[in-house]
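Student: I am new to this structure and would like a close look at a single part, the sheet of chain A. Could you then place that part beside what the chain does where it meets its partner chain?

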There are 2 protein chains.
Amino acid sequence: MPVSQELIKGTVVPVVLALLEDRARYGYEMVQAVNARTNGALVWSEGTLYPVLHKLEADGFVAAEWRDATAKEGGRPRRYYTLTRAGRRELKRRSAEWRTFATAMGEFFGRVRANNGPTTTPGGVR
Amino acid sequence: MPVSQELIKGTVVPVVLALLEDRARYGYEMVQAVNARTNGALVWSEGTLYPVLHKLEADGFVAAEWRDATAKEGGRPRRYYTLTRAGRRELKRRSAEWRTFATAMGEFFGRVRANNGPTTTPGGVR
DNA sequence: GCATGATACCTCGGATTCCGATGTATTCGT
DNA sequence: ACGAATACATCGGAATCCGAGGTATCATGC
């Protein structure tokens, strides 16, 4: 069920930005949110996410803030991330880039099907 | 214009298989075909493609054959690649995987179509 | 109090992957 | 004979990923 890591590579950053678009989230939450919202197609490991979050913070795309876990939901303090203004710009850029990419890939994997393809015509090259 | 390499990573193999679905092609040709068919969105470097082709051959997904360049179109002999039976199976697998992946990503970046949205209340999830 | 389990953050080593630079070889036009 | 285009190929440095392991907090049961 899960998609190979090969494909997931390079999408962690844009997905993190998208997750933060509407509200603040903490890392552990994101790992589970991605898994849940994609029905297990995308699976993240923490070892991948945390370094990415640190880099995004260093680059000024997200801001981080510690918040106590309010004692009700067990666990240690959480580090909440929010988009900065630059982060929103970056999200826009990455989002547009994804659509360009997906469209380009659609050229090879269908969706559009503007081709009445002969499947076995041996013509062409040769 | 070109999509960042981060995204392209991991799609070289499935795209090669897709390119070979209808006819034999040689490496250099694929590099240019990808560039042309995606209007410059996907750009491959030869340094990336050739090792991938060798690996696909070693794995038995493609078969290679030298052909002379018929003297008309200048250049040295070309190495043509075709899909093996296992290669066709692999193409099917990769193709399905791509669609799963693209659907999952659509969860974050807006689906292209065919979606009667879950329609979360606008203005603030939760 | 203290062991256990759930939550949550974080780092590191080793493996993989990518690509720019570079090299080789063939043919064509001049 | 030379440069340009075509075409295949390799290599080393750089970037990336992730499983494994570690640390810390809180609640519950004993």
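**The sheet of chain A and its surroundings**

Tutor: In this predicted model, chain A holds an open sheet of 3 strands, which are arranged in the order β1-β3-β2 with antiparallel pairing. The edges of the sheet are taken by β1 (25-26) and β2 (62-67) of chain A, and because each of these has a single partner strand, one side of each is left without a neighbour in the sheet. Looking at one pairing in detail, β2(A) runs antiparallel to strand β3 (residues 78-83) of chain A, and the two are joined over 6 bridges. Within this part of the sheet, R67(A) is found opposite R78(A), a residue of β3(A).

Turning from the sheet to the meeting of the chains, 30 residues of chain A are in contact with 30 residues of chain B. On the chain A side, the elements that give two or more residues are α1 (5-8), α2 (12-19) and α5 (85-109), and the largest share, 12 residues, is supplied by α5(A). By character, the residues on that side of chain A comprise 14 nonpolar, 8 polar and 8 charged.

There is also a nonpolar core to consider, the largest of which has 57 residues, and within that core F101(A) and F101(B) are the residues with the most contacts. Leaving aside residues up to four places away in sequence, F101(B) touches V3(A), L7(A) and A41(A), so that a residue of chain B is in contact with residues of chain A, contact here requiring C-beta atoms that lie within 7 Å.

Methods. Residues numbered from 1 in each chain as written. Chains lettered and ligands numbered in written order. Predicted model: local features only at pLDDT ≥ 70, side-chain atom pairs only at ≥ 80, totals over all residues. Contact = placed C-beta atoms within 7 Å. Helix = DSSP H or I, 4+ residues; strand = E, 2+ residues; numbered from the N terminus. Nonpolar A, V, L, I, M, F, W, Y, C, P; charged D, E, K, R; others polar. Core = buried A, V, L, I, M, F, W, Y, C linked by C-beta atoms within 7 Å. Buried ≥ 20, exposed ≤ 12 C-beta atoms within 10 Å, placed from the backbone. Pairing = 2+ DSSP bridges.
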